[in-house]
Every structure is written in C-alpha cells, then in structure tokens.
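Colleague: I'm new to this one. Could you walk me through it?

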Amino acid sequence: MTARCLEPTSANIAMAVERLLQGELVGMPTETVYGLAADSRNEEAVRQVFITKGRPIDNPLIVHVAQPEQARELSPDWNATCDRLAERFWPGPLTLVLRHGGRVNDYVTSGHPTVALRSPAHDTALELIRAAGRPLVAPSANRSGQLSPTTAAHVLDEFPAEAFPVLDGGPCSHGIESTVLALSDDVPVVLRPGAVTLAELREELPRVEVPVIGEQVAAPGTSLRHYAPNTPAILVRTDELDEQLAETEVPAVVLSLGFREASLPHQVIEMPERAADYARGLYAALRRADLLGGAVIMIEMPPLTDGLWRAVNDRLRRACVERA
Ligand code: TXA
Ligand code: MG
C-alpha cells in the first residue's frame with residue numbers, strides 16, 4: 001500500500017475530513033465505483049475536481065448526502081415520491097435529479113436548473129459525509145471519459161502524480177455506476193441505467209421511461225463514448241466470435257462469457273455469466289485487457305438486455321464507440 005492509499009480507520013477518516021474542509025480532494029470508496037470527493041460548498045474545491053478529472057465544465061456533479069433529510073434541503077421539489085424512493089433505495093445506487101431552485105451552486109450543477117442527489121451505501125463514504133457535516137460532490141475517480149475505478153489501486157493508476165489520499169474501502173460491491181433518474185420533468189426518465197434496475201424502479205414508479213440502449217439522451221454528460229478502455233473495443237455476437245477471431249491477424253483480447261479457448265496471438269479474459277458478477281468485474285477486466293497489450297478488445301455480446309444487463313450493455317456500447 002502506498003502512502004496515499006489509506007485504511008479507513010477513524011484517524012484516517014478524521015484526517016480526510018480535515019482535508020475536505022480545507023478544500024482538498026479525497027478518493028472515496030462507494031458501493032458502485034470510487035469517487036473523487038470534495039466539499040460541495042467550496043467553489044474552489046469543486047473547480048479542482050473538474051480540473052483534476054479534465055472534465056468538461058458543462059457536465060454536472062452528483063451531490064452525495066448521508067441521509068434523505070440532507071437531500072430534502074437541496075430541492076424545493078422533494079416530495080412523497082422522493083421519500084418513498086429514498087426509503088427503498090437509499091443508501092444505495094440510485095441518483096435522483098431534481099430542480100434545485102437556487103439551493104445548489106452553479107459550479108456544482110454546471111448552471112443547470114437541476115441537481116443530482118444520492119446517498120451511497122458504503123460505511124466509509126457515509127462517515128465522511130456525516131463528519132464533514134455537509135454534502136460532498138463525488139464524480140467517479142477517473143480521468144474524464146476513462147474507465148471508472150472499482151478499487152483504490154485503480155484510483156492511484158488514474159492519478160499517479162496527484163497528491164490526494166485515497167481511502168481503501170476494498171473492491172466496490174456493484175462495480176457499475178448508480179442509476180440516474182430524472183424527476184424534474186412530467187414523466188420520470190432514466191438518464192443512465194445503473195445498479196438499480198428498471199424493474200425495481202417500476203415497482204415504485206410505474207411510469208418510468210427509459211431510452212433505447214445506445215441511443216443518445218438529451219441530458220448533460222451522456223456523450224456516447226465513455227467508460228472506455230484505451231484499446232479499441234468491439235462487440236461481437238457469440239455465434240460470430242470464432243470466425244472473427246480466425247480472421248483477425250492482430251492480437252486480440254477476448255472478454256468471453258464463460259470459458260473459451262483462443263490460440264495465440266489472441267488472449268482470453270473469462271467473464272462471469274451472472275449479470276451482478278459481470279458488472280462487478282467489468283471495469284477491472286477492461287483495465288486488464290488494456291494492460292495485455294492487444295490491438296483490439298473483442299467483447300462477447302451479453303445475450304440479455306433486461307435487469308442489470310441493461311446497464312452492462314449500456315457501458316459496453318459506450319466503451320466501443322470510436323474515439324472522435
Ligand atoms: O455511482 C455513481 O453515481 C458514482 C459514485 C462515485 O457515486 N458517481 C458517478 O459520478 O458516476 P459521475 O460524475 O462520473 O457521473 C454522474 C452522472 C453524469 O452522467 C452526469 O451528467 C449526471 O450524473 N448528472 C449530474 N448532475 C446532473 C443533472 N443535474 N442532470 C442530469 N444529469 C446529471
Ligand atoms: Mg464518471
């Protein structure tokens with residue numbers, strides 16, 4: 001463990017809180033992916049988050065709260081539906097987008113009239129927010145457009161030269177980002193499929209709409225290429241994979257669903273066949289695929305698009321969009 005990577009002991013959490021309150025950044029574990037946390041009320045700290053990530057300033061940040069009461073203060077539209085959603089899904093991987101009515105600063109929301117709110121299901125994250133006594137912004141702790149980190153070591157890999165500490169909360173249990181649900185229009189819309197599934201949401205909100213996978217939605221931060229490895233990646237159907245591999249002369253790294261053999265120069269990373277396990281390991285597998293140094297990553301297309309596979313398929317499609 002390097003000096004920047006800290007066990008989440010009381011002393012280290014207290015130190016991290018002190019840093020946050022001084023306007024510095026902290027790598028924060030959550031149940032979805034690691035976040036780059038900063039004091040949401042400190043304009044300079046929030047600016048540092050954008051600069052550190054190389055994030056376009058028109059892509060707003062999620063505000064992380066310790067409990068629903070803290071979220072309620074940030075939107076005049078917090079209502080019984082929000083209470084119900086928070087009761088069922090918080091702390092957990094659901095982000096609610098609501099009008100803020102001027103209660104949140106433009107530097108957090110990129111000037112949008114709405115704010116994204118979530119309460120993470122991770123003891124260390126909740127302790128940090130509680131001890132800081134204020135909500136924390138925390139985008140995924142990766143350089144803009146790259147793969148989200150699901151271990152503390154991934155955060156250090158993304159930011160080797162930066163000085164901020166990373167609290168090591170172990171590997172993320174979900175491994176895929178939160179579901180972003182907009183409640184700011186007449187009809188509730190899923191802006192980003194995530195760890196909370198559409199079926200779960202519809203049990204609480206039958207009218208929830210969701211864009212077709214791979215289609216661009218009119219929301220900030222939904223650029224098509226995202227969550228992407230450095231190596232070009234393509235999605236290949238199972239029944240076409242053998243033929244494609246045989247025809248590929250450059251070394252390929254295959255992310256296969258379950259066991260598969262491939263002859264050199266190709267290499268295989270075996271992915272789990274259960275959606276939850278696949279999601280948990282996806283970003284680490286793509287990072288590994290990058291390190292294996294193939295010329296192309298061939299991702300065996302998961303057959304299903306329901307449940308958690310929807311979020312997985314969304315990320316896979318974005319990972320495969322060519323660099324502009
Ligand atoms: O699971 C997660 O949500 C992780 C962990 C760290 O909490 N965070 C995360 O943050 O994925 P980030 O910044 O990488 O992605 C936040 C997403 C972006 O797509 C952003 O555009 C969207 O939330 N978002 C933030 N504020 C919004 C708003 N006011 N309206 C619509 N979308 C918003
Ligand atoms: Mg992100």
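Modeller: Sure. One definition before we start: two strands pair if DSSP finds at least two bridges between them. And keep in mind that this is a predicted model.

Colleague: OK, in what order do the strands of the open sheet of 4 strands lie?

Modeller: The pairing in this open sheet is parallel. β11 (233–236) and β13 (267–271) each have a single partner strand, so they stand at the edges, with one side left without a neighbour in the sheet. Neighbouring strands are turned by 20° against each other on average, direction ignored. The order reads β11-β14-β12-β13.

Colleague: Which residue in β14 is the bridge partner of V253?

Modeller: β12 and β14 run parallel and share 4 bridges. On the other pairing of β14, 4 bridges join it to β11, where A233 stands opposite I297. The partner of V253 in β14 is also I297.

Colleague: And what stands opposite V254 in β13?

Modeller: Here β12 pairs with β13, again in the parallel sense, over 5 bridges. Opposite V254 you'll find V268.

Colleague: How many residues of β12 are buried?

Modeller: Look at both faces: A252, V254 and S256 point one way, while V253, L255 and L257 point the other, and all are buried. Buried means under 20% relative accessible area. The strand is largely enclosed by the rest of the structure, because the count is 6 of the 6.

Colleague: Which helix packs on the sheet?

Modeller: It covers residues 275–292 and touches β12 (252–257), β13 and β14. Its direction makes about 170° with that of β13. That's helix α10.

Notes:
Residues are numbered from 1 along each chain as its sequence is written. Chains are lettered from A and ligands numbered from 1 in the order in which they are written. This is a predicted model: local features need pLDDT of at least 70, side-chain atom pairs count only at pLDDT 80 or more; totals for chains, interfaces and linings use all residues. Side-chain values use heavy atoms; hydrogens and water are left out. Helices (H or I, at least four residues) and strands (E, at least two) are DSSP runs, numbered from the N terminus. Axes are lines fitted to C-alpha atoms, for helices over the stretch in contact, and angles run from 0 to 180 degrees between N-to-C directions. Contact means heavy atoms within 4.5 Å. Buried means under 20% relative accessible area, exposed over 50%, partly exposed in between (1.4 Å probe, protein chains only).
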